[in-house]
Amino acid sequence: MTTLILRRLILAIPTLFIVVSLTFLLMRWAPGNPFSNERKIPPEILAELEKQYDLNGTVTSQYLRYMGKLVHGDLSISTQYRNRTVNDILAQALPVSVLLGGLAYLLALLIGIPLGAYAAVRQDQKADRLAMLAALLGLSVPSFVLAPLLVMLFGVKLHWLPVAGWGSPDQIILPVFCLAIPFAAAIARLTRGSLLDVLNLDFIRTARAKGLPEDEVLYRHALKIAILPLISYSGPALAGILTGSLVIETLFDIPGIGRFFINSVLNRDPMMSAGVVLVFSAFLLFMNLVSDVLISLLDRRVKIE
Amino acid sequence: MKTFHLVLRALRQSRWLAFCACFVVFVVLLAIFGPHLTRYNYAAISDTSLQPPSFAHWFGTDLNGRDLLTRTLYGARMSLLVAALGTFVSLTVGVSYGMISGYAGGRVDSLMMRLVEILYSLPSLILVIILVATLEKPVTTVLQHLWLGSIPPRLVLLVVFIGLTEWLTMARIIRGQTLVLKEQAFIQASAALGQSHARLLFRHLLPNLSGIILVYLTLTIPAIMIDEAFLSFLGLGVQPPQASWGTLIADGAAAINPIQLYWWLLLFPGGMMTVTLLALNFLGDGLRDTLDPRGKK
């Protein structure tokens, strides 16, 4: 176990290094300048600005200086949000995105697991078919279609919920729901399939044979094993939540990390883009490691190396 | 062809599956011929802007007075084109990677799978955003040098990079199947007869993988369509006046305002896309139940 964790962590460092370097270098090599997007500015002022943001000299030397600061945990100053450090912006935006994504994943679990279990118990009956059709529909409606439609309906037409913004509880409902739907659908399908597998295992037959009530067999024995695949699903799912929240944050005007990221890429802000990519990748690598460790601790059948 | 017969049997057995297959064919035909069948041009601006659906404009008109039906059909063409080409990229990479990894086995296999594992844990679409946003000018230059200046550079970027994000699952599944197949007698016999690796891979392994390839082909197409629309929604798709379902949906979402509802801008392209994705996913699921040797769920 310790060697697994160590090996993964050692592998993570070159991965993060490559990803951050790629982002920074592409941003600087690509035509376009973080300071002159809208109008041309005099070359003297541009030179002064570049110097101020430590983006003067050759791209290689800029990159080396950036990486030098990065090693010490300094993500430099954002060129787009002038006078704010990337560390500062991330510290403010990250909790917003984590809250949004976390609530969405929680909601997805709360919808997905019961729906999947309900369908599995009624395998091949009408209720099962209907539940799985609903899940397939949930997977097929992209969040960028669902979200604006719901905004039109509940925000503009019915005035039940605010159209956008972040801060009050009623502003959280729509974005969390829209972000959660595709994951709830995937979780429902996964739970159903896995529960059907488990219900065919010997220990379930034993539990039934010794006269346990069906509810107890289902909830105390079967479901506990059947949700194991969800743990390994959570790694990739979190990647999906991260990318999904780019759209949701843009659409609902939520001051999360995703909105900052999109703006920074479109405005050629190398510091902000590289910083966000670093945080996203590190977070994902870490969560994948956690889910792998958890699954090998919980499931005796799985042995990771 | 065994695969072909299995597909036909599956379609005969399930009315819904057959219906979805027909619907997908219908959407493809609409995408190819539709834009020429309407009375309007997809890029023609008129002064009748933001008209609700009527007999003259079945889907209404957009902000610039363009006919939304024509634009939705044209968008279908763009979305399906990106999906088809992107799936081709992802399929080629995924199948060859998986086959080589499984066939080679040993150290090569574990190294190749280690790489897949690393790529899995990267936020691939976020990296695609950076690549598409920064590489537009270089790709334009390259295309012009190749006398291909008329191809939109964004199209090339989308096809290549989205295709390169969706091959991992395919590679894993093909590798697993290859591992199983290469132990079987007919492969061993061909190897004993002294056939070359290339012949074994292409003549003997590939045909036996065709069923599973077809299943994941059907499931990769909707995944790539969603990715394309996602990037288009964020402003990284094809450039106006061209349109894909993603850019049309983005236009519809941008037109949301507290005073007047332009629901048709969102509902028609979004609805078309959702229904098409649903049909493709349903088809993919159905084919997986028949063709995936790893058993039915």
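The exercises below concern a predicted model of two chains, A and B.

**Exercise 1. Describe the secondary structure and the dimensions of chain A and of chain B.**

Solution.
Step 1. Count the elements. Chain A has 12 helices and zero strands. Chain B likewise has 12 helices and zero strands.
Step 2. Write the order along the sequence. For chain A the pattern is α-α-α-α-α-α-α-α-α-α-α-α, and for chain B it reads α-α-α-α-α-α-α-α-α-α-α-α.
Step 3. Take the box around the C-alpha atoms along the principal axes. For chain A the box is roughly 85 × 55 × 30 Å; for chain B it is roughly 75 × 50 × 35 Å.

**Exercise 2. State what part of each chain is buried, and what part of its contacts joins residues far apart in sequence.**

Solution.
Step 1. Start with burial. Chain A has 305 residues, of which 41% are buried. Of the 297 residues in chain B, 46% are buried.
Step 2. Turn to the contacts with a separation of 6 or more. In chain A, 73% of these are between residues 24 or more positions apart. In chain B, 70% of the contacts between residues at least 6 apart join residues at least 24 apart.

**Exercise 3. Which elements of chain A have the lowest and the highest mean pLDDT?**

Solution.
Step 1. Look at the whole chain. The mean pLDDT of chain A is 83, and 97% of its residues reach 70 or more.
Step 2. Compare the elements. Helix α2 (residues 43–52) of chain A has the lowest mean, 78, and helix α4 (residues 86–121) of chain A has the highest, 89.
Step 3. Recall how such values are used. Where pLDDT is low, the predicted coordinates should not be read in detail.

**Exercise 4. Classify the packing of α7(A) against α10(A).**

Solution.
Step 1. Find the two quantities. Two packed helices are described by the angle between their axes and the distance between the axes. Helix α7 (residues 169–199) of chain A and helix α10 (residues 228–252) of chain A pack at about 160 degrees, and their axes are 9 Å apart.
Step 2. Apply the cut-off. Angles over 145 degrees count as roughly antiparallel, so α7(A) is roughly antiparallel to α10(A).
Step 3. Add the handedness. The crossing of α7(A) past α10(A) is right-handed.
Step 4. Name the residues that meet. Those from α7(A) include A:Leu174, A:Phe183 and A:Ile187, and those from α10(A) include A:Tyr233, A:Gly240 and A:Ile248.
Step 5. Sort the contact by class. The residues between α7(A) and α10(A) are 14 nonpolar, four polar and no charged.

**Exercise 5. Do the same analysis for α7(A) and α9(A).**

Solution.
Step 1. The axes of α7(A) and helix α9 (residues 214–226) of chain A come within 8 Å and cross at roughly 125 degrees.
Step 2. That angle makes α7(A) oblique to α9(A).
Step 3. α7(A) passes α9(A) in a right-handed crossing.
Step 4. From α7(A), A:Thr191, A:Ser194, A:Leu195, A:Val198 and A:Leu199 take part; they meet A:Ala222, A:Leu223, A:Ile225 and A:Ala226 in α9(A).
Step 5. By class, this contact has seven nonpolar, two polar and no charged residues.

**Exercise 6. Which element gives the largest share of the side of chain B that touches chain A?**

Solution.
Step 1. Count both sides. Chain B gives 35 residues to the contact and chain A gives 43.
Step 2. List the elements of chain B that give two or more residues: α4 (106–120), α5 (124–134), α10 (197–233), α11 (245–254) and α12 (263–291).
Step 3. Pick the largest share. It comes from α12(B), with nine residues.
Step 4. Sort by class. This side of chain B has 26 nonpolar, seven polar and two charged residues.

Terms used: Residues are numbered from 1 along each chain as its sequence is written. Chains are lettered from A and ligands numbered from 1 in the order in which they are written. This is a predicted model: local features need pLDDT of at least 70, side-chain atom pairs count only at pLDDT 80 or more; totals for chains, interfaces and linings use all residues. Two residues are in contact if their C-beta atoms, placed from the backbone, lie within 7 Å. Helices (H or I, at least four residues) and strands (E, at least two) are DSSP runs, numbered from the N terminus. Ala, Val, Leu, Ile, Met, Phe, Trp, Tyr, Cys and Pro count as nonpolar, Asp, Glu, Lys and Arg as charged, and the others, Gly among them, as polar. A residue is buried if 20 or more other C-beta atoms lie within 10 Å of its own, exposed if 12 or fewer, and partly exposed in between; C-beta atoms are placed from the backbone. pLDDT is the predictor's confidence in each residue, from 0 to 100. Axes are lines fitted to C-alpha atoms, for helices over the stretch in contact, and angles run from 0 to 180 degrees between N-to-C directions. Angles under 35 degrees count as roughly parallel, over 145 as roughly antiparallel, 65 to 115 as roughly perpendicular and the rest as oblique. A crossing is left-handed if the near helix is turned anticlockwise from the far one by less than a right angle, and right-handed if clockwise.
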